[in-house]
2 protein chains.
Amino acid sequence: MSTLVMKFGGTSMAGIERIRAVAQRVARARAEGHAVAVVVSAMAGETDRLVGLCREASPLAEPAEYDVVVSSGEQVTTGLLAIALNAMGVPARSFLGWQLPIRTSDTHGTARIRAIGTDALRHAMASGTVAVVPGFQGVTAKGRVTTLGRGGSDTSAVALAAALRAQRCDIYTDVEGVFTTDPRIVPRARRLARITYEEMLELASVGAKVLQTRSVELAMKERVPVRVLSSFTDGPGTLVTGEDEIVEQELIAGVAYDRNEAKVTVVGVPDRPGVVAAIFAPLAEAHINVDMIVQNVAHDRPITDVTFTVPRTELARARTALEAHQAAIGFERLLTDEKVVKVSVVGVGMRSHSGVAVTMFRALAERGINIQAITTSEIRISVLIAEEYLELAVRVLHSAYGLDAPQ
Amino acid sequence: MSTLVMKFGGTSMAGIERIRAVAQRVARARAEGHAVAVVVSAMAGETDRLVGLCREASPLAEPAEYDVVVSSGEQVTTGLLAIALNAMGVPARSFLGWQLPIRTSDTHGTARIRAIGTDALRHAMASGTVAVVPGFQGVTAKGRVTTLGRGGSDTSAVALAAALRAQRCDIYTDVEGVFTTDPRIVPRARRLARITYEEMLELASVGAKVLQTRSVELAMKERVPVRVLSSFTDGPGTLVTGEDEIVEQELIAGVAYDRNEAKVTVVGVPDRPGVVAAIFAPLAEAHINVDMIVQNVAHDRPITDVTFTVPRTELARARTALEAHQAAIGFERLLTDEKVVKVSVVGVGMRSHSGVAVTMFRALAERGINIQAITTSEIRISVLIAEEYLELAVRVLHSAYGLDAPQ
């Protein structure tokens, strides 16, 4: 009998009617002969409500107690789904994080799964019982409740699939799969039938929010095939899998964008060794991630400018951190620009094909879109452009790489 | 160091402002030198919300999964109170039902506490940490979550006080203590400084809803002094304790009433042995509690009438159960009356003083109030009267036993 892990997100669990629809999907998978374990999120909005209560109780809520409060949302949906399944004649049982146990590190609020006990689960599933497991939560070696951080339920599902050596982990969400780009911007965006773990990771890191990054990393490490599909429609979704499993590899898998970008230019810094380190040390101390970095070439002057990007939500903190060290760094002034976005193209085909970058730069140049910074990885090229060009740039690139669906 | 268990109900925990007020009370008790364990209910309304979700998922929700869902309300308030305490500099830690553990029977939904593990709790409390424990929940020997039934948090608190051999269990609620009667009916009702366990039990059984019956039974069995006091005002409350601890015993502790009464008269049953059993068997099968029973004396006829009371909320079911057995019982017809109430006087003084009943009957007769049925226990007399006389009867009896506060 093949083992299947099915995971349902917050919108899929938002209310009893939807939970009943989830139960029907689970019943169908079981009827098809799978041994099924289901991982559930809290009802949409519930985790935010619980986090809000903790913050209201104290802005510095102890992480261990925060986890006690916040993990309750998944406990509720776990019990409710077990009830709904039993009500339709499908034997089901809840297994909470501490009951399995889902053993984690003790970094409360952002714990990492270390191991999952599956004996009781396997025993129940072997007799045809559906195991319902809360996502997002775990327990330390000392028996205290932990949570995995936002979006952690995807990771719970993949970790459980790995522990059970499941054939697949199906992640039901509110989109029909992974698309070549955002269909709200490009109506001719296509659902990808397959995508590699590496591409999925790169897309997640540059703004595509289909799967949580850690869950993809784990799936890649454990070689768990993951299928992303919609909880609200019937469709094949997108299979996230190893590169060797994909026969007809496209050059580019998709075009992604990220609005959470802001540009900082540190004007008039001494052009000497160590100055870049002096700039970034205070930002690192403040745990602010710096992304794209451009150091201007100095011409006949002992001073230069350094430009970089930070998450837009961190800009105020970045400014404060730098200004506190103005004398030590020795810069003249800071320029900031929040009206920038990052647009990226991702594809494992880049490894073997040259000319991918040139296509990008040429397509943007033809529309008069100025590139303010560039970063690349082995399978990704990202450019920083003015925000007003976002939609145009995404559409132009989507066409330039031949991703548009036939009309 | 003396050990104190403090318990806060749902209205005391309804929202962060109130939880902060609770934390202040706890901080004060700790500052006075007590080692403190706190037992909390879910926020007012939360348990109803969770029960509603279970019922919506299935009217026949599995009790084991129902408990998983419903117990989450106390988990939330436990974490929030620990956060609020730490925020005001009082070290505090949550201990969930499965963590201590609070070991219970496996009768989900109405589980009974068997034992409470206190090692971790004592260790924490010895170092000055406040232990925060969810009421209402426990765990079976097999490690499944249970709940104790509505109002079970009072029982959790008393059981914890017994396990810790605490000096006292303070139960904070939304009233200032136990009153001689309902102050909404008798403005001159007085708060009792002390009351015996027995009296408290009798009052609870006849409609006074200050403490859950099982918690008082347990307190009596384990000799835990319980204090009932208000979460919203400062006052000494009422101490519930053993009879031997009360020096100046009053004759009557209080006057209680219960509107949840309905009268059933089974008219024209054969006056032969076994007929009463034939009437009550179908009611017992339907788990309907019969309270006061009056069998009319038959005069020169082979048939008689039997009158009894059932909870008003069960009247429809009682009627259905009886009508289904009309032929077997052989009655002519059923008369029902929902406009009746039970008024009771309770006091351990009755054991040693005669004339208590006469005072009651005389006081009611003087006002023209007809008694339709009577039941008594060693320390209680209850009468069934027409509902329209309820307030008058309570006021008259309150005065007749000298319970009115001086003006």
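In this predicted model, B:Val264 sits across from B:Thr336, a residue of S17(B). That pair belongs to a bigger arrangement: strand S14 (residues 262-270) of chain B and S17(B) run antiparallel to each other, joined over five bridges.

Zooming out, four strands of chain B make an open sheet, ordered S15-S16-S14-S17, with antiparallel pairing. Strand S15 (293-295) and strand S17 (333-337) of chain B are the edges, each pairing on one side only. From one strand to the next, the twist averages 15°.

Two helices of chain B pack on this sheet, as the table shows.

| Helix of chain B | Strands of chain B touched | Angle between directions |
|---|---|---|
| H9 (residues 275-285) | S14, S15 and S16 (303-310) | about 135° with S14(B) |
| H10 (residues 315-323) | S14, S16 and S17 | about 170° with S17(B) |

Now for how the two chains relate. Turn chain B by 180°, with 0.1 Å of shift along the axis, and it superposes on chain A with an RMSD of 0.1 Å. That's the relation of a two-fold axis. In chain B, B:Ser72 has the C-alpha nearest the axis, 2.8 Å from it. Both copies use the same surface, as 100% of the contact residues of chain B recur in chain A.

What does the contact consist of? It takes 28 residues from chain B and 28 residues from chain A. On the chain B side, the elements giving two or more residues are helix H1 (16-31), helix H2 (46-57), helix H3 (63-70) and helix H4 (72-87). H4(B) supplies the largest share, eleven residues. By type, the chain B side splits into 16 nonpolar, nine polar and three charged residues.

Note on methods
Residues are numbered from 1 along each chain as its sequence is written. Chains are lettered from A and ligands numbered from 1 in the order in which they are written. This is a predicted model: local features need pLDDT of at least 70, side-chain atom pairs count only at pLDDT 80 or more; totals for chains, interfaces and linings use all residues. Copies are superposed by least squares on the C-alpha atoms of residues with pLDDT of at least 70 in both. Two residues are in contact if their C-beta atoms, placed from the backbone, lie within 7 Å. Ala, Val, Leu, Ile, Met, Phe, Trp, Tyr, Cys and Pro count as nonpolar, Asp, Glu, Lys and Arg as charged, and the others, Gly among them, as polar. Two strands pair if DSSP finds at least two bridges between them. Axes are lines fitted to C-alpha atoms, for helices over the stretch in contact, and angles run from 0 to 180 degrees between N-to-C directions.
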